[in-house]
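Q: Please take a close look at a single part of this one for me, the nonpolar core. A bit of context on the whole chain first would help.

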Amino acid sequence: VVISVWGEVELRHELVINRQGQIFIPEVGLINSAGLSVNKLESKLKNIMGKSYSSLTKGKAFLDLSIGKLRSIRVFVVGDVQSPGVFTVPAALSVFQLLFYAGGVKETGSLRHIKLVRNDEVIEQLDFYDFLLKGQKYSNIHLQNNDILLIPTVNKRISLSGAVHRS
């Protein structure tokens, strides 16, 4: 992350968020950022850094937080996708977004029973239909290096002709 302060006080820090979601800021200390949006982290930093730099709380200095370089991870997408393979992607990518990297699911692929495998163990089984049809959030699980996303083949299909009414 890049922290910039300007006004009565001027400073700029390019810092790395560690694996535990913590940032060490010189003159301030260790700050927990895990699970916070950029806006919430910026607000938290302004409050905490305001103790060391009172100009921030008095409106005589301003803080801006931006994302510097996102960490990349390597993930595998296998099964019934258009372009299976190994992808180097930003660590903040969601499982759903990862499917776009692989070109989407083939016609023979299923959006049900998608498996996320980590260390040879299925850690999550996803069903994207609730997301696609109802807009319900599907999963907020974070991808990690060497994760495998397995898209299965459709097991059963039915076909309908004529008008269909969904309730």
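**Surface first, then the core**

A: About 11100 Å² of the chain is exposed, with 49% of that supplied by carbon and sulfur atoms (Shrake-Rupley areas with a 1.4 Å probe; for residues, only the protein chains shown count as cover). Bear in mind that this is a predicted model, where local features need pLDDT of at least 70 and side-chain atom pairs count only at pLDDT 80 or more, while totals for chains, interfaces and linings use all residues. Numbering runs from 1 along each chain as its sequence is written, and side-chain values rest on heavy atoms, with hydrogens and water left out.

You're looking at three helices and ten strands, in the order β-β-β-β-α-β-β-β-α-β-β-α-β from the N terminus (DSSP runs numbered from that end: helices are H or I with at least four residues, strands are E with at least two). The radius of gyration is 22 Å, well over the 15 Å from the globule rule for 167 residues, so the chain is more spread out than a compact globule (C-alpha atoms are used, and the rule is 2.2 Å times the number of residues to the power 0.38). The C-alpha trace spans about 70 × 40 × 25 Å along its principal axes.

Now the inside. Of the 167 residues, 33% are buried (under 20% relative accessible area; over 50% is exposed and in between is partly exposed, with a 1.4 Å probe and protein chains only). In the largest nonpolar core, which has 21 residues, Leu 98, Ile 114, Phe 128 and Leu 149 touch the most other members (such a core is a set of buried Ala, Val, Leu, Ile, Met, Phe, Trp, Tyr and Cys residues joined through side-chain atoms within 4.5 Å). Strands E6 (72-79), E7 (85-90), E8 (114-118) and E10 (148-151) each give two or more residues to this core, as does helix H2 (95-101). H2 makes the largest contribution, four residues. Leaving aside residues up to four places away in sequence, Leu 98 touches Val 75, Val 77, Val 89, Leu 93, Leu 143 and Leu 149 (contact means heavy atoms within 4.5 Å).

Apart from that core lies another, of 16 residues, including Ile 25, Ile 31, Leu 41 and Leu 63. For a look at Leu 41 from a neighbor's side, take Leu 65 in strand E5 (residues 61-66). Leu 65 is buried at 6% relative accessible area, and among the residues it touches are Val 1, Ile 3, Val 38, Leu 41 and Leu 45. Leu 65 and Leu 45 are 20 residues apart along the chain, with 8.8 Å between their C-alpha atoms.
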